[in-house]
Amino acid sequence: MLMGGLRRLEYRGYDSAGVAVVGDDGTIATRKRAGKLKVLANDLTEAPLPGGSTGIGHTRWATHGGPTDANAHPHLGDDGRLALIHNGIIENFAELKAELVESGAEFHSETDTEVAALLIGREYRETGDLAEAFQRVVNRLHGAFTLLAVHQDAPDVVVGARRNSPLVIGLGDGENFLGSDVAAFVEYTRRAMEIGQDQIVTIRPDSIVVTDFAGEPVENREFEVAWDASASDKGGWSSFMAKEITESPDAVANTIRGRVSDGAVDLSEIARIDEVLGDVDRILILGCGTAYYSGMLGKYAIEKWAGIPVDVELSHEFRYREPVLSSRTLVISVSQSGETMDTLMAVKYAQERGATTLSVCNTQGATIARESDAALFTHAGPEVAVASTKAFVAQVTALYLIALRLAAVRGTQSTEALAELVDELQAVPTKLSQVIESSGQIAELARGMSDTRSVLFLGRHVGYPIALEGALKLKEIAYIHAEGFAAGELKHGPISLIEPGQRVIVVVPSPRAVDSLHKKVVSNIQEIRARGAYVIAIAEAGDAAVLPFADDVIRIPLAGGMFEPLLAVAPLQIFAMELAAAKGLDVDQPRNLAKSVTVE
Ligand code: F6R
């Protein structure tokens, strides 16, 4: 059961893994191994642990101390009777460690986590109660943490605590679960319960008690997981990434479903935000990586359709520069996982300064969604591959819905114009399916480029975030140097990079797009072609102007200018995936990365 849960959570970190089981024989047994989960699985097959019905398991993304057996979790208390796992960073671990060393403790790892194991183990010896031991220790810890522990003297209990890191409860029948996300237990139950900030949870097979850090009981919201275990299975696909790209049209359709009627967008599910939309005088969109690029597209849409100034910022840059916010600023955070620590901290910072916060999130029960004033969920379903694909198009869709709703509330577009835009958005899933189904050409191009050392991506207007996203995908999973540029920026410096044979992928705007944008991009292509670049153009069906200047043309169906990015991104995702696969790389779990970045 533990290994099954870890398998579903492995995307969150995969440099080492471990389990601890309170055995039916009354002892505690642990096993932990550096490397991917399969190393631990093989080890356990060869030498199984004693059977038991209470246990904890962990997959790690190293922060303090390299990925070694010793640094893998669980860590033990100093009498070896308590085992503990941790997600996050204990920022004051050095002081606590010095104090423990002073009192004679011995450390067996370089992690920050071990201090918590030792401290809680010691408090248990005093109190004989695991939850009370947690209460005594958690307030001494600074930073972010989810901690779970089992003790061999309390064989049917798991205690957990969380501050700024994720933890959810799975409510079973005669059994209960804790997990960093619902994927860990969805095979056994779809009934789940959130755990709030600074709370401690004690689960037994037939009871759940949640308190705050002072031991006062608290009530939390229960929810039903919207998908079942099969949604997070690879099925017959070669990789999760391949499966998830193919699920993109559904991700868009499901994100629109129930939010559109009679040509208008209905966001009454976030009534609290909907009510203030007329008053908002500025919008700030926050996110990291792919989520940030979706935010850039949100900016283009909101400014174009609703005429409100929008800034987009990387979450981790935002809160360190004393940004100006007011009660009329709406802060929209974008996060697939809803757990990205940089974004969570930025949202809290914005709230402290009086802004209204809306979370665009793909994960039920996630911290950012809980902490925000309201959440608009993207219904992309679970995304397991580390590289974000279907979540990106779902995020853009959600931001477009917000933009259209803003335009309606503020009367910046006629009812007919809005209905046309809604129609175009609703047409995206079918067109996106066509793009994905006819991806053979880009896949073949990618497979022929496995020795390429550098690829540049160009785009303009809404093609620019897509160029950035295409470059990120290639760096991330194929380990190839890639950079995205605004096509107009090339002549200001980067054009020096062009030498004969340099691969350049250009996202070409529709000939019907904003003013003369198409002509300008075609000129940009000619400029790089004249300097020897090998050009792959992503262009609308029927666009003949690119033909004389591109070495290869990948066609996408006609879509109104703002909707083109939702189609153009798929070939770039497929390009990166096929190139990585051709290089023999693990497409789903690229080196050094983790799906959910819960440290700053
Ligand atoms: C890239 C990727 C990352 C994430 C970023 C934010 O493929 O997956 O850049 O987009 O780490 O993650 P979330 O959306 O979970 O906040």
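**Exercise 1. Determine what share of the contacts in the protein with a separation of 6 or more comes from residues 24 or more positions apart.**

Solution. A contact requires heavy atoms within 4.5 Å. Among contacts with a separation of 6 or more, residues 24 or more positions apart account for 70%.

The model is predicted: local features need pLDDT of at least 70, side-chain atom pairs count only at pLDDT 80 or more, and totals for chains, interfaces and linings use all residues. Residues are numbered from 1 along each chain as its sequence is written, and side-chain values use heavy atoms, with hydrogens and water left out.

**Exercise 2. Assess whether the radius of gyration agrees or disagrees with that of a compact globule.**

Solution. The radius is taken over C-alpha atoms, and the globule rule is 2.2 Å times the number of residues to the power 0.38. For 600 residues the rule gives a value near 25 Å; the protein has 25 Å, which agrees.

**Exercise 3. Classify the ring pair of Phe177 and Tyr188 and state the burial of each residue.**

Solution. Step one: rings of Phe, Tyr and Trp (its six-membered ring) pair if their centres lie within 6.5 Å; planes under 30 degrees apart count as stacked, over 60 as edge-to-face and the rest as tilted. Step two: the centres of Phe177 and Tyr188 are 5.5 Å apart with 10° between the planes, and the pair is stacked. Step three: buried means under 20% relative accessible area, exposed over 50%, and partly exposed in between (1.4 Å probe, protein chains only). Phe177, at 11%, is buried, whereas Tyr188, at 35%, is partly exposed. Ring pairs also join Phe177 and Tyr188 with Phe185 in a cluster.
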